[in-house]
Amino acid sequence: MAYIVVATSNAHKVDEYRKLLADQNVELKSLLDYPGFPGVEESGATFAENASIKALAACKYCDVPAFADDSGLEVEALGGRPGVFSSRYAPTDPERIAKLLKELEGCENRKARFVCAIAIAVNGEVIETFEGTVNGVITSSPRGEGGFGYDPVFQPDGYDQTFGELSQEVKNQISHRAAAFRKALEFVEDEMSVLDNEF
């Protein structure tokens, strides 16, 4: 069986991607399988740039096709913040959520969206990037124990539950990561026959 590396050590993300790849004839590995990976600085100004940096580094280090995502939360009333700094907004998930809710105190506009960019790197170069989004609102307080990051305070449009309350199966249908990943899979299957034995 062919395999591909996802450039993350986040076990939650790896689990999400394994579920999304369940119907594909490919084994997913991650940086958890390559403990010597030196890491990279996410110095890009956009989600796509950061995803490309990570995918390229993993492809070169692991010497196999690799993909990476960079994702985050953009809040309309905060001018798009925290954006690419979502994971660096504060030291821990609870602190990030607390900071976000503090900044939105008294704000009627709670519109926000999750954004995910995925980059695919093969043979030492990035061949394409893809973006997925999901719109919603920021709740006044956290709800639910599922997911990670800002999930407990993000309620997607058309639902009365937060990402922290929705089942993984539903999230895998509507999430920004799932949307970007579907585009990436379609690209590989439809446009890149050269990868048939690799992805």
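This section describes the fold, surface, cysteines and selected residues of a predicted model.

The protein chain contains five helices and six strands. From the N terminus, the order of elements is β-α-β-α-β-α-β-β-β-α-α. The C-alpha trace extends over about 55 × 30 × 25 Å along its principal axes. The radius of gyration is 17 Å. A compact globule of 199 residues would have a value near 16 Å, so the chain agrees with that expectation.

Burial and contacts were examined next. Of the 199 residues, 49% are buried. Among contacts with a separation of 6 or more, 57% join residues 24 or more positions apart. The accessible surface of the chain is about 9,800 Å². Carbon and sulfur atoms contribute 46% of that surface. The charged side chains comprise 19 positive and 33 negative groups. The centres of these two sets are 6 Å apart.

No disulfides are present; the count in the structure is zero. Cys 116 is accordingly unpaired, and its nearest cysteine sulfur, that of Cys 59, is 19 Å away. A disulfide requires two cysteine sulfur atoms within 2.5 Å, so the pair is not counted as one. Cys 116 is buried, with 0% relative accessible area. Cys 107 has a relative accessibility of 25% and is therefore classed as partly exposed. The range for that class starts at 20%, because buried means under 20%.

Val 5 belongs to strand S1, which covers residues 2–6. Its relative accessibility is 0%, so Val 5 counts as buried. Beyond its neighbours within four places in sequence, Val 5 contacts Lys 29, Ser 30, Leu 31 and Tyr 34, among others. Further contacts of Val 5 include Cys 62, Val 64, Pro 65, Ala 66 and Phe 67. Pro 38 lies 33 residues from Val 5 in sequence, and their C-alpha atoms are 15 Å apart.

Ser 141 sits in the loop between strand S5 (125–138) and strand S6 (154–156). Its relative accessible area is 36%, so Ser 141 is partly exposed. With residues up to four places away in sequence set aside, Ser 141 touches Leu 101, Pro 152 and Val 153. Leu 101 is 40 residues from Ser 141 along the chain. Their C-alpha atoms are nevertheless separated by 7.4 Å.

Backbone geometry was then considered. Most residues other than glycine have a negative phi, and most peptide bonds are trans. The peptide bond from Arg 81 to Pro 82 is cis, with omega near 0°. Pro 82 is located in the loop between strand S3 (66–75) and helix H3 (93–103).

Two residues with positive phi were noted. Asp 63, which is not a glycine, has a phi of about 60°. Asp 63 lies in the loop between helix H2 (47–62) and S3. Its relative accessible area is 67%, so Asp 63 is exposed. Asn 123 has a positive phi near 55° and is likewise a residue other than glycine. Asn 123 is placed in the loop between strand S4 (111–122) and S5. At 68% relative accessibility, Asn 123 is classed as exposed.

Notes: Residues are numbered from 1 along each chain as its sequence is written. This is a predicted model: local features need pLDDT of at least 70, side-chain atom pairs count only at pLDDT 80 or more; totals for chains, interfaces and linings use all residues. Side-chain values use heavy atoms; hydrogens and water are left out. Helices (H or I, at least four residues) and strands (E, at least two) are DSSP runs, numbered from the N terminus. The radius of gyration is taken over C-alpha atoms; the globule rule is 2.2 Å times the number of residues to the power 0.38. Buried means under 20% relative accessible area, exposed over 50%, partly exposed in between (1.4 Å probe, protein chains only). Contact means heavy atoms within 4.5 Å. Accessible areas come from the Shrake-Rupley method with a 1.4 Å probe; for residues, only the protein chains shown count as cover. Lys and Arg count as positive and Asp and Glu as negative; His and the chain ends are not counted. The place of a charge is taken as NZ of Lys, CZ of Arg, CG of Asp or CD of Glu.
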